[in-house]
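Visitor: I should like to take a close look at a single part of this protein and then see how that part fits into its surroundings. Would you please guide me through it step by step?

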Amino acid sequence: MKLTDLQKEVSGEWEAKGYELPTYDREQVKKKTVQAPTWVHFGAGNIFRAFPAEILQRLLNKGEYDTGIIVAESFDHEIITKAYKPYDSMSLSVVLKANGTIEKKVVGSVVEALVADQAEPSDFARLEEIFEAPSLQMVSFTITEKGYSIYDGKGDILPVVEQGFKEAPEKQGHLMGRVAALCYRRFRTCGAPVALASMDNCSHNGDKLKAGVMAFVEAWVKNGIVENEFEAYMKDDTKVSFPWSMIDKITPRPDENVKAMLEKDGFEQTELIITSRGTYTSPFVNSEETGYLVMEDAFPNGRPPLDQAGVLFTDRETVDKVEKMKVCTCLNPLHTALAIYGCLLSHTSIHGEMEDAELRALIEKMCYDEGMPVVVNPGVIDPKEFADAVLNLRLPNPFMPDTPQRIVTDTSQKLPIRFGETIKSYLASDSLEVEALTLIPLVLAGWCRYLMGVNDDGDVFEQSPDPRLDEVRQYVSGVTLGGVTDVHKVLEPILSDETIFAVNLYEAGLGGKIEGMFAELTAGTGAVRKTLKKYVK
């Protein structure tokens with residue numbers, strides 16, 4: 001059983017073994033997409049294949065749409081060359097349910113895969129054709145929050161961006177510059193409207209995308225590279241929109257156990273691919289059953305009817321409420337807390353951590369007692385029901401092969417939203433006292449303890465990638481378990497950094513509390529467990 005065989009003939013073996021296959025004429029969908037593309041997506045990673053691509057597959061299967069997605073990738077070209085093109089852009093989506101069953105779906109909604117790099121002229125020329133098409137409605141993104149940034153971790157503009165500001169649109173090394181160049185192509189040819197829609201898991205994602213793209217547009221105008229009218233086109237929301245969205249679906253890297261299950265079925269294309277840039281991918285993608293996509297309904301050239309496949313379209317204010325509910329309280333902070341303490345306590349799975357009494361108590365109390373008082377109910381999703389599902393179904397799912405070591409990646413970039421926003425809400429409240437917060441400070445103290453790179457048994461562990469890691473771990477480099485430490489001197493440069501926590505934690509009234517907790521966490525081996533028990537009892 002191979003994905004590529006489905007282009008020739010469909011064996012009854014697929015259905016007999018529980019595989020859901022596309023029910024539409026994929027060749028006709030391909031033809032229609034080439035003639036009149038409507039949707040191109042940047043970011044060919046696992047979340048895209050497991051969620052947006054699968055959403056469109058539902059519409060195609062029901063006969064409610066007839067055009068596929070074109071995917072483009074700029075960061076890691078090998079995803080396209082190794083995980084898409086050899087399989088005619090098809091993939092196998094494996095949904096891991098909490099009850100122990102799995103769904104296996106062949107996803108064929110992606111009909112073309114391109115390298116979004118001007119160094120690959122044929123692929124980029126095809127992207128230019130797509131942007132020239134008046135039919136194009138939506139350009140979406142799952143490139144991670146870092147993909148939009150034109151600055152490094154210290155706030156300095158990236159050299160590739162600075163160079164791109166001075167170069168013609170045809171010579172861009174940063175994706176935001178390439179997207180601006182493609183929009184310029186659209187402006188110069190058809191001038192039709194389009195929506196640039198981020199689907200990344202970050203706050204106000206549409207604004208992050210807009211800031212990155214518009215930085216290039218404004219620099220080119222200032223430097224006389226493009227005409228003023230292009231900037232006016234890009235700033236006219238009846239021409240180019242940047243809708244906000246909230247996405248939620250846990251999609252770990254392809255798992256060995258899933259690979260073994262598929263091979264037992266006779267599915268042959270299960271190779272686990274690790275690219276030279278460290279991306280983990282495969283012809284299959286595994287994910288949890290639950291998924292939410294809430295989008296601001298701002299599409300000046302129309303959009304695919306994704307609401308018929310479960311996407312919630314609403315206004316910007318509601319998207320903001322949903323996003324804050326999830327990112328600041330009901331999921332993301334819980335994940336980060338489990339990731340930090342999971343590494344310190346040598347856990348290797350998120351679901352395993354949910355069987356740890358102290359860790360479960362930590363995130364339950366942090367969510368319900370400290371986070372919920374400042375959550376605004378968005379109306380389209382109930383916060384309590386959302387959190388209940390996270391704590392009782394999603395995180396404990398034993399079939400989800402997610403790890404604290406993966407989740408802890410880039411934590412310095414996540415802390416401002418996942419914890420800083422709640423602290424700011426307490427500071428702004430007339431009825432809540434920020435000094436009453438205990439478990440959020442405990443997580444922040446835990447992150448400072450994580451920076452030491454030593455677990456609760458005193459053994460060194462490998463820290464996950466983070467753009468600020470080398471900078472901040474130097475401050476704790478002299479701290480030893482059980483040693484005498486001037487905690488304030490060690491932590492003051494970290495806890496006062498508003499770019500990490502969104503607030504100066506001393507000015508917020510929490511710096512001293514976090515210092516005390518850090519001292520407890522570093523008192524010796526076993527101190528992490530002892531400190532957790534003290535504060536979550």
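Guide: Ser 140 belongs to strand E7, which covers residues 138-141. The model is a predicted one, and every value that follows is computed from it. Ser 140 has a relative accessible area of 0%, so it counts as buried. Its side chain makes a polar contact of 2.6 Å with the side chain of His 41. Apart from neighbours within four places in sequence, Ser 140 is in contact with Trp 39, Val 40, His 41, Phe 42, Ala 197 and Met 199.

The strand that holds Ser 140 is E7, and E7 is a member of an open sheet of six strands. The order of the strands is E6-E3-E2-E7-E8-E9, with parallel pairing. E7 therefore has its place in that order between E2 and E8. At the edges stand E6 and E9 (240-241); each has a single partner strand, so one side of each is left without a neighbour in the sheet.

An edge position in the sheet does not leave E6 open to the surroundings. Six of the six residues of E6 (residues 110-115) are buried, so this strand is largely enclosed by the rest of the structure. Its pairing with strand E3 (residues 69-73) is parallel and consists of five bridges. Within this pairing, Ile 69 has Val 110 of E6 as its bridge partner, and Ala 72 stands opposite Leu 114 in E6.

On the other side of this description are the helix and the loop that concern E7. Helix H9 (residues 205-222) lies across E7 and strand E8 (194-198), and it runs at about 115° to E8. The loop between E7 and helix H7 (159-166) contains Thr 144. In general, most residues other than glycine have a negative phi. Thr 144 is not a glycine, yet it has a positive phi of about 70°. With a relative accessible area of 44%, Thr 144 is partly exposed, whereas Ser 140 is buried.

A second residue shows a similar backbone feature. Ala 502, also not a glycine, has a positive phi of about 75°. Ala 502 is found in the loop between helix H22 (498-501) and helix H23 (511-521). Its relative accessibility is 21%, so it counts as partly exposed.

The nonpolar interior can be described next. The largest nonpolar core has 75 residues, and those with the most contacts inside it are Tyr 341, Leu 362, Ile 423 and Trp 447. Helix H19 (residues 439-450) gives the most to this core, namely nine residues. Leaving aside neighbours within four places in sequence, the contacts of Trp 447 include Ile 340, Thr 411, Leu 415, Val 472 and Phe 501. A second, separate core has 44 residues, among them Ile 143, Met 176, Ala 180 and Tyr 184.

The cysteines complete the account. The count of disulfides comes to zero. Cys 190 is in no disulfide, as the nearest cysteine sulfur, that of Cys 183, is 11 Å away. Cys 190 is partly exposed, with a relative accessible area of 30%. For Cys 367, the nearest cysteine sulfur is that of Cys 330, at 4.9 Å, and Cys 367 is likewise in no disulfide. A disulfide requires the two sulfur atoms to be within 2.5 Å. Cys 367 has 0% relative accessibility and therefore counts as buried.

Terms used. Residues numbered from 1 in each chain as written. Predicted model: local features only at pLDDT ≥ 70, side-chain atom pairs only at ≥ 80, totals over all residues. Heavy atoms only, no water. Helix = DSSP H or I, 4+ residues; strand = E, 2+ residues; numbered from the N terminus. Buried < 20%, exposed > 50% of the residue type's maximum accessible area, 1.4 Å probe, protein only. Polar contact = N/O pair within 3.5 Å; in protein donor to acceptor, adjacent residues only side chain to side chain. Contact = heavy atoms within 4.5 Å. Pairing = 2+ DSSP bridges. Core = buried A, V, L, I, M, F, W, Y, C linked by side-chain atoms within 4.5 Å. Axes fitted to C-alpha atoms, helices over the stretch in contact; angles between N-to-C directions.
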